[in-house]
Amino acid sequence: MNPLRRPFKYSYYNATLYIIGINVLVYLITFFKPGMTSILGLSPSGLFSQHYFWQPLTYMFTHGSITHILFNMLTLLFFGIPTEKAIGTKEFLLMYLLCGILIGLISVAFFYGFSIYLGGEYYRMLPYFYYNLIGASGAIYTLLLVYSVIFPKAKIFIWGILPVPAPLLIVIYFVIELVSQFSSVSSVAHYAHLLGLLLGWLYLVIRMGIHPVKVWINAYKR
């Protein structure tokens, strides 16, 4: 058996609620001590200059506003619990944390490399070197993709009214994030969302031996 695909013994410990609890706790800490955001968030400066080696993990538990954490945690609640029940807590944690950490590392490597490319020996003077990535959104986009493959016939109600099949919603999200990345100027890390979808796809193929498109096609053949 391929060691990368060796399954965990199934267990379910409701890790989704613990993850939500940690996110809320970290938000309260940063709310009362805003300076902690730069310590817990992920940036080239923090990782390479300050040696905050925990940042690739802690950034995904750090949020900048009540709306930011509320939207992410509601999404995690609605899609995390059924996904965790379906694949087991160990697989769920591996998927969520591994993809989240990889999103962070790829992001910080890009901004670090971009700073050196533009600034040369003066790279520390560029804002890219201090770009601070926070939020669970990237890992949650991974979760959404995995959910759409495990439950391909599930319908998600947009604004509580419009039912959209889960695979179609993923395609819509991908298009929106791709267009937004190259056409909008905002503080939203659209590239992290795209990385979340990409890494979720790779996780399904490499770790679980599942090809999303085949699953979606088979689900809607009839």
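Accessible areas come from the Shrake-Rupley method with a 1.4 Å probe. In this predicted model, the accessible surface of the protein chain comes to about 12400 Å², and 72% of that surface belongs to carbon and sulfur atoms.

**Overall fold**

The protein chain contains 10 helices and two strands. Along the sequence, these elements follow the pattern α-α-α-α-α-α-α-β-β-α-α-α. The radius of gyration is 18 Å, close to the 17 Å that the globule rule gives for 222 residues, so the protein chain is as compact as a globular protein of that length. The C-alpha trace spans about 60 × 45 × 35 Å along its principal axes. Of contacts between residues at least 6 apart in sequence, 70% join residues at least 24 apart.

**The nonpolar core**

Of the 222 residues, 44% count as buried. In soluble globular proteins, nonpolar side chains tend to be buried together. In this chain, the largest nonpolar core has 48 residues, and those with the most contacts inside it are L76, F92, M95, Y96 and Y191. The helices in the table each supply at least two residues of this core.

| Helix | Residue range |
|---|---|
| α1 | residues 15–32 |
| α5 | residues 66–87 |
| α6 | residues 89–119 |
| α7 | residues 137–150 |
| α8 | residues 166–183 |
| α9 | residues 190–206 |

Helix α7 gives the most to this core, with nine residues. Leaving aside residues up to four places away in sequence, M95 touches T83, I87, T142, L143, V146 and Y203.

**Charges**

The protein chain carries 13 positive and 4 negative charges, and the mean positions of these two groups are 16 Å apart.

Technical notes
Residues numbered from 1 in each chain as written. Predicted model: local features only at pLDDT ≥ 70, side-chain atom pairs only at ≥ 80, totals over all residues. Heavy atoms only, no water. Core = buried A, V, L, I, M, F, W, Y, C linked by side-chain atoms within 4.5 Å. Buried < 20%, exposed > 50% of the residue type's maximum accessible area, 1.4 Å probe, protein only. Helix = DSSP H or I, 4+ residues; strand = E, 2+ residues; numbered from the N terminus. Contact = heavy atoms within 4.5 Å. Rg over C-alpha atoms; globule rule 2.2 N^0.38 Å. Lys, Arg positive; Asp, Glu negative; His and termini not counted. Charge placed at Lys NZ, Arg CZ, Asp CG, Glu CD.
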